[in-house]
Amino acid sequence: MTQMQPTDLHPQETAEQHAAFNARIARGEKIEPGDWMPAEYRRQLIRMISQHAHSEVVGMLPEGAWITRAPSLKRKTILIAKVQDEAGHGQYLYHAAETLGATREEMLDALLAGKAKYSSIFNYPSLTWADVGMIGWLVDGAAIKNQTMLAGCSYGPYSRAMVRICSEETFHHKQGKEMIVTYAQGTPEQRQMAQDALNRWWWPSLMMLGPHDADSPNTGALVQWGIKLKTNDEVRQEFINEHVPELLEAGLTIPDPDLHQDESGNWIHGPINWDEFWAVVKGQQGLNRERLGARQQAHEEGAWVREAMQAYTARQMGQAAD
Ligand code: BYC
């Protein structure tokens, strides 16, 4: 697939405008909403930020399903706080995309109509309570690696949203790790539950960070524009290098017979099943229909809240006009 490149000009864009814009990126300046930017830079950001926002919101579902079944009050309050945080992350990100001219309605319509992408990882089921811990440890762990990089992104509102999101994700990551380490040292049943959860979430967590660089049509332009500071494979390697030793120390077995360390200390993974990844992204495998059904239901049931807010705003504006 061929993507537009940073050197491609849209009609009405000049080479001088591009040169001045690229010089700002090279100086490490943040691009702000009112600033001139190439149409393709704007399109790429709306694509990425809206997908990211959808991922946060759909990402509430696998863990949210366990709130009523949490094994203790402590675990329940932590989980409620975490799921609420994810809703907040969705809000920051929809706002960031709105600064680029996308409307909330068109982004949500695209999600609810099944036209927008969200992270593949949330089409996997959370089958046991240990999955909640494993999502925190691995899924938030992978997200942090990616988002710490995006905190340095060239677009100001996205970069600032990432700083805030990362500090909350750090807590999500720690609570997940604490939970799994506890179970991995617990009864034989708890240890098995933790291992089964790792078996289910390891590969999807690696896939979550996107296709290999050679198969990633967007990475080249995004890196050139300082939106991504690292490639998918670089972020994946950082994630693996950090998590493999910790998982092994917890006494768990990583479900990859080919996993090994090379001379430079990197942990090298075996082949990733990209057919599964694309089937999950396209909704041909996994829980895409259920996830969208849950979002559609929530949207319909929330209609009265939106109507009440509009009526309240209209009344306030009427009073202000009086
Ligand atoms: N799933 O050229 P590529 C969270 C698509 S939620 C689905 O490499 P790019 C949390 C990609 O969109 C936070 N699709 O793309 C919440 C592209 O398709 P289009 C999740 C994927 O953008 C609740 C095509 O494949 N984090 O933390 O350069 C509970 C080619 O890919 C995926 C984010 O959303 C995927 N995994 O790089 C717990 C991070 N991967 O758009 C936790 C923000 C790729 O051309 N996003 N595709 O049709 C990113 O950083 C980047 O978009 C990616 C992909 C690294 C994901």
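Which residues in α12 meet which residues in α13? On the α12 side they are H299, E300 and E301, and their partners in α13 are A303, W304 and R306. Welcome to this structure, which is a predicted model. Let us begin with that pair of helices and then move on to the ligand.

**Helices that pack together**

Helix α12 covers residues 288-301, and helix α13 covers residues 303-321. Their axes are 4 Å apart and make an angle of about 40°. With that angle, α12 is oblique to α13. By residue type, the contact of α12 with α13 has two nonpolar, one polar and three charged members.

Helix α12 also packs against α5, a helix made of residues 104-112. For this pair the angle is about 135° and the axes lie 9 Å apart. Is α5 parallel or oblique to α12? The angle counts as oblique because it is neither over 145 degrees nor within 65 to 115 degrees, and that makes α5 oblique to α12. From α5, the residues L108, L111 and L112 take part, and they meet L292, R295, Q296 and H299 of α12. In the contact of α5 with α12, four residues are nonpolar, two are polar and one is charged. H299 of α12 touches α5, and H299 also takes part in the contact with α13.

**Around the ligand**

Now to the ligand, which has 38 residues around it. Which of them come nearest? They are Q51, K117, S216, K228 and N232. The table gives the distances from an oxygen atom of the ligand to a polar side-chain atom of three residues.

| Residue | Distance to a ligand oxygen atom |
|---|---|
| Q51 | 2.8 Å |
| E169 | 3.3 Å |
| N232 | 2.8 Å |

How much of the ligand's accessible area does the protein cover? On its own the ligand has 1,000 Å² of accessible area, and the protein covers 93% of that. Several helices give two or more residues to the shell around the ligand, among them α2 (39-58), α4 (73-98), α6 (129-150) and α7 (156-184). Further along the chain, α8 (188-208), α9 (219-224) and α11 (274-281) do so too. Sorted by type, the shell holds 16 nonpolar, 13 polar and nine charged residues.

**A stop at E168**

Our last stop is E168, which sits in helix α7. Leaving aside residues up to four places away in sequence, E168 touches D85, H89 and Y92. E168 and H89 are 79 residues apart along the chain, yet their C-alpha atoms are separated by 9.2 Å.

Terms used:
Residues are numbered from 1 along each chain as its sequence is written. This is a predicted model: local features need pLDDT of at least 70, side-chain atom pairs count only at pLDDT 80 or more; totals for chains, interfaces and linings use all residues. Side-chain values use heavy atoms; hydrogens and water are left out. A residue is near a molecule or strand if one of its heavy atoms lies within 4 Å of it. A polar contact is a pair of N or O atoms within 3.5 Å; within protein, one must be able to donate a hydrogen and the other to accept it, and residues adjacent in sequence count only if both atoms are side-chain atoms. Accessible areas come from the Shrake-Rupley method with a 1.4 Å probe; for residues, only the protein chains shown count as cover. Ala, Val, Leu, Ile, Met, Phe, Trp, Tyr, Cys and Pro count as nonpolar, Asp, Glu, Lys and Arg as charged, and the others, Gly among them, as polar. Axes are lines fitted to C-alpha atoms, for helices over the stretch in contact, and angles run from 0 to 180 degrees between N-to-C directions. Angles under 35 degrees count as roughly parallel, over 145 as roughly antiparallel, 65 to 115 as roughly perpendicular and the rest as oblique. Contact means heavy atoms within 4.5 Å.
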